[in-house]
Amino acid sequence: IPNIDVNFKSINIESQKARTSLFYAYRNHNFKIFTLLLENEQIDVNMFYYTKFEGNNGTFNYIEDTILIEAIDDNDYKIIELLLSHPKIDVNLKRTCFYDNKILYESPLQFAIDREYIDIFKLLLSHPKIDVNTSKRDVDGCEIRSLTSAIDLSNKEIISGLISHPNIDIDFIYKFRDDDMIYNFNPFIYSVYYNKIGIVELFIN
């Protein structure tokens with residue numbers, strides 16, 4: 001059927017969820033249909049789907065997700081590998097959450113780092129269009145870069161992967177609050193400040 005809309009969104013009125021055919025194929029673990037959809041030249045592999053929910057003071061919040069973010073959340077290496085091979089995939093497209101009049105966001109790379117999914121982190125890092133300096137915004141409005149997240153987790157394997165990437169910026173300034181004081185540190189000083197000896201050694205060596 002030449003005019004079939006493969007990107008049509010189905011909206012559940014009660015649950016306030018909008019879903020696409022690609023989402024249902026993934027959620028039903030139907031790899032054949034999922035692959036068939038990806039092969040369709042009309043498919044929008046980066047299309048957002050959303051979930052709406054009630055917040056504080058009667059406000060309504062919602063999350064905009066992509067299939068890539070969903071697959072990372074599920075630690076689904078096979079699907080992520082398939083998605084990253086698609087010529088139109090936006091590997092840096094961020095999940096967005098509108099929460100109590102705040103806008104939060106997180107990239108696929110940040111998503112993998114925060115969950116310490118090492119294999120998926122490496123897979124994302126190998127993509128030619130990956131933004132290794134991507135940032136997320138938390139509920140306090142702080143902009144937290146991928147390297148800062150890895151330092152907070154003390155994950156030396158992720159930090160090593162990031163700082164060895166040719167496009168990494170290791171001199172950016174991270175503004176944060178600690179003990180009612182505001183600091184402006186680069187990643188190295190940040191690591192020293194929090195006594196992360198193993199990470200300091202990575203930077204020096």
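Contact means heavy atoms within 4.5 Å. The legends below describe a predicted model.

**Figure 1. The whole chain holds ten helices and ten strands.** The chain has 205 residues, and 42% of them count as buried. Take the contacts in the chain with a separation of 6 or more: residues 24 or more positions apart account for 55% of them.

**Figure 2. Helix α2 packs with helix α4.** Two packed helices are described by the angle between their axes and the distance between the axes. Helix α2 covers residues 31-39, and helix α4 covers residues 77-84. Their axes come within 11 Å and cross at roughly 15°. The pair is therefore roughly parallel, as angles under 35 degrees count as such. The crossing of α2 and α4 is right-handed. From α2, the contact uses Phe31, Phe34, Thr35 and Leu38. From α4, it uses Lys78, Ile79, Leu82 and Leu83. By class, these residues are six nonpolar, one polar and one charged.

**Figure 3. Asn75 has a positive phi in the loop that leads to α4.** Most residues other than glycine have a negative phi, and most peptide bonds are trans. Asn75 is not a glycine, yet its phi is about 60°. Asn75 sits in the loop between α3 (67-73) and α4. Its relative accessibility is 43%, so Asn75 counts as partly exposed.

**Figure 4. Helix α6 is largely enclosed by the rest of the structure.** Why is α6 described in this way? Six of its eight residues are buried. Those buried residues are Ile118, Ile120, Phe121, Leu123, Leu124 and Leu125. They pack against four helices: α3, α4, α5 (108-114) and α8.

**Figure 5. Helix α6 also forms a pair with helix α8.** Helix α6 spans residues 118-125. The axes of α6 and α8 come within 11 Å and cross at roughly 5°. That angle makes α6 roughly parallel to α8. On the α6 side, the contact is made by Ile118, Phe121, Lys122 and Leu125. On the α8 side, it is made by Glu157, Ile158, Gly161 and Leu162. The contact of α6 with α8 has five nonpolar, one polar and two charged residues.

**Figure 6. Helices α7 and α8 pack with their axes 8 Å apart.** Helix α7 runs over residues 146-153, and helix α8 over residues 156-163. The angle between them is about 155°. Angles over 145 degrees count as roughly antiparallel, so α7 is roughly antiparallel to α8. The crossing of α7 with α8 is left-handed. Which residues meet here? In α7 they are Ser146, Leu147, Ala150 and Ile151. In α8 they are Ile158, Ile159, Leu162 and Ile163. Seven of the contact residues are nonpolar, one is polar and none is charged.

**Figure 7. Ser154 lies in the loop between α7 and α8.** Ser154 is not a glycine, but it has a positive phi of about 55°. With a relative accessible area of 40%, Ser154 is partly exposed.

**Figure 8. Helix α10 turns buried residues toward three other helices.** Helix α10 covers residues 197-204. Its buried residues are Gly198, Ile199, Val200 and Phe203. Which helices do the buried residues of α10 pack against? They are α7, α8 and α9 (187-193).

**Figure 9. Asn101 lies in the loop between two strands, β5 and β6.** Strand β5 covers 95-99, and strand β6 covers 102-106. Is Asn101 buried or exposed? Its relative accessible area is 78%, so Asn101 is exposed. Asn101 and Asn61 are 40 residues apart in sequence. In space, their C-alpha atoms are 8.1 Å apart.

**Figure 10. Cys97 and Cys142 are shown with their accessibility.** Cys97 is buried, with a relative accessible area of 14%. Cys142 is partly exposed, at 25%. A disulfide is a covalent bond between the sulfur atoms of two cysteines. How many disulfides does the model have? The count comes to zero, with a cut-off of 2.5 Å between cysteine sulfur atoms.

Notes. Residues numbered from 1 in each chain as written. Predicted model: local features only at pLDDT ≥ 70, side-chain atom pairs only at ≥ 80, totals over all residues. Heavy atoms only, no water. Axes fitted to C-alpha atoms, helices over the stretch in contact; angles between N-to-C directions. Parallel < 35°, antiparallel > 145°, perpendicular 65-115°, else oblique. Left-handed = near helix turned anticlockwise from the far one by under 90°. Nonpolar A, V, L, I, M, F, W, Y, C, P; charged D, E, K, R; others polar. Buried < 20%, exposed > 50% of the residue type's maximum accessible area, 1.4 Å probe, protein only.
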